[in-house]
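Trainee: I should like to study a protein model, and I would be grateful for guidance on how to read it.

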Amino acid sequence: MDRMISGIPASPGFAVGEVHLLERGSLTVEERALDPDEVPAEIDRFELALGLARSEVKALQKRIAQTMGEEGVGIFGVHLMILQDPMVVEETIKGVRETLTNSATVFNGIITRMRDGLSNAADEYLAQRAIDIEDVRRRVLGHLVPGGRLFLKQLQRPVVVIARELTPSETAHLDPEKVLAFVTEAGGRTSHAAIMARSLGVPAVAGVSRITERARTGSLMAVDGTSGQVALNPDERTIKFFESQKAVFAELERELLKLKNLPAVTLDGREVELSANVETPMDMESVIRYGARGIGLLRTEYLYLDHEELPCEDEQYADYRDIVEKASPDSVIIRTFDLGGDKIGVGPESPLEGNPFLGWRAIRVSLSETDLFHTQLRAILRSSAHGSVKLLFPMISGLEELRQSKEALERACESLREEGIAFDEDIPVGIMMELPSACAMADSLALEADFLSLGTNDLIQYSLAVDRGNPRVAYLYQELHPAILRQIKAVIDAAHQHGRWVGMCGEMAANPLATMILVGMGLDEFSMNPDSLPEIKKIIRSCTHAEAKACADEALQETTIEGVTRVARRYTKGKLGDLITEMLEPVPASSADASDGNGEIENA
Ligand code: PEP
Ligand code: MG
């Protein structure tokens, strides 16, 4: 078989087709000094460019609403917000006036700084928002400098689209009927192009190193968006293999979607909750499409990514209430801000830290910024009057922080009572189990919290000392590490001893190879990106609890990642279709593989 080039699986599915390489026109911004009397006309020109850009985005929103629904509309809503952001608009006008420089140069300087600030973020979601800013940059400059207009050729026949990166506007300009797959050098699972590809049902692979240099328009390419691999100029055997996988995948997809309204219950009747992780109101569309039972994690900090300051109580209340009402009658677990770390700072004066993940982050920020915490707690409590709300505190390290958080909550409750404002007096209060210290104290914490939610994204990085965003040590970031399984088991057992339920809202909840182990250990709730729900539900509905328990018991006996993976594979085989199970989690790579860096592997 051919050499496979590996990237990041961004949207599942298979395709084989002719390559169409997307190339952008170059965009040169030349600095020009203005005479003072030219300033008003230059500002008019800039405002006209913004107006034209806004009309284009609104037109795109309308078009995309017909093909993609709310999700696509929401993406372009973000572009409209950038086009109105005072940091962009007012600062550009001010810059033109003060420096007597043309608006294209000033605007380009401001927006490029914004873009670069985000693209260096360790968090993938934040880094991907840089692509939205780039999209807006090109759109506005398209009206200010020659050669900048976004121009994409009409596709004549179905093709595999290859680009360095794809902005949402470029994705929206392409006729989905003519796109077999997307392959990009940049981007990741949370880039908007990936989100759009998933909602259009188009396979996509991101992060494929130097693919725009290697592929030419007209070459043939086979794409596997499920495992994130592509084959350039595949031979007959590879083509046949991909075509057969495509048929299996299509069948599996049809089967999975049929499960949408069925419960996540094992063959012998043990039911678990499957809920969704949500970052913005636009995620609610997928929550409904994939049949989630409520929201297992609302990451509130993501609602305000593009805000310079956190919003006031009323604004937060309106946002939380909107999501609570949309999810009703199912419940929403609202997590208080997880600020700091690799996420947004607290205002412009946020300190730069040597080890942000070990620094002033999450509950540590909330407990020291008491006004900020009080405001958010009041807003969350007020939203609890409109549906079923549970409250979740992030990054709790021990009993002191849980007690302090609950005291702050009581102060917020008391202030609402005094004002006669309605809220749920019995609001359940849970904590994220994402620090090894919390796991070690699980029994004591379970006595004082109503529920526990395992945050494996952080638990793994803190337990294995592996920065979750550092690709050089990514090979060490292993969900199926025996040390992780043992901690999870200890947390579940401790919680159950005290009659508490335990969920998991880290990415591990969406790992098909972990599903049977977690069900077998007794995990009560799984919360994940909505599009992963059908796969996990299928596995749960295909096994008995006894089988899952045997899988967990065997996995817990293993002392290496490889051993655990082997057990998980053996039990999971056939539950989802071998295709997916085999591909999603290869046996762990070694550090030697990780440092190789060219992304090429010989397929067996
Ligand atoms: C986690 O750490 O697993 C988690 C769900 O929280 P976040 O990814 O927001 O840190
Ligand atoms: Mg976390």
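The following exchange discusses selected features of this model.

Mentor: This is a predicted model, in which local features need pLDDT of at least 70 and side-chain atom pairs count only at pLDDT 80 or more, while totals for chains, interfaces and linings use all residues. Residues are numbered from 1 along each chain as its sequence is written, chains are lettered from A and ligands numbered from 1 in the order in which they are written, and side-chain values use heavy atoms, with hydrogens and water left out.

Trainee: Which residues are the protein donors of the magnesium ion (ligand 2)?

Mentor: Donors are N, O and S atoms within 2.8 Å of the metal (3.2 Å for Na, K and Ca); water is not among the atoms, so sites may look incomplete. Two side chains lie 2.0 to 2.1 Å from the ion, through an OE and an OD atom. The protein donors are therefore Glu 434 and Asp 458.

Trainee: How many residues apart are Glu 434 and Asp 458?

Mentor: Helices (H or I, at least four residues) and strands (E, at least two) are DSSP runs, numbered from the N terminus. Glu 434 is in the loop between strand S13 (429–433) and helix H15 (436–440), whereas Asp 458 is in helix H17 (residues 456–464). The pair links distant parts of the chain, and the separation is 24 residues.

Trainee: Is Glu 434 buried or exposed?

Mentor: Buried means under 20% relative accessible area, exposed over 50%, and partly exposed in between (1.4 Å probe, protein chains only). The relative accessible area of Glu 434 is 2%. Asp 458, at 3%, is buried. Because its value is under 20%, Glu 434 is buried.

Trainee: Where does Ala 465 lie, a residue with a positive phi although it is not a glycine?

Mentor: The phi of Ala 465 is about 55 degrees. With a relative accessible area of 70%, Ala 465 is exposed. Its place is the loop between H17 and helix H18 (482–497).

Trainee: Which residue does a cis peptide bond join to Ser 328?

Mentor: The omega of this bond is about 10 degrees. The partner lies in the loop between helix H11 (313–327) and strand S11 (332–335). That partner is Pro 329.

Trainee: How many disulfides does the count give?

Mentor: A disulfide is a covalent bond between the sulfur atoms of two cysteines; here the rule is a pair of cysteine sulfur atoms within 2.5 Å. The sulfur of Cys 543 is 8.5 Å from the closest cysteine sulfur, in Cys 551, and therefore too far for a bond. By this rule the count is zero.
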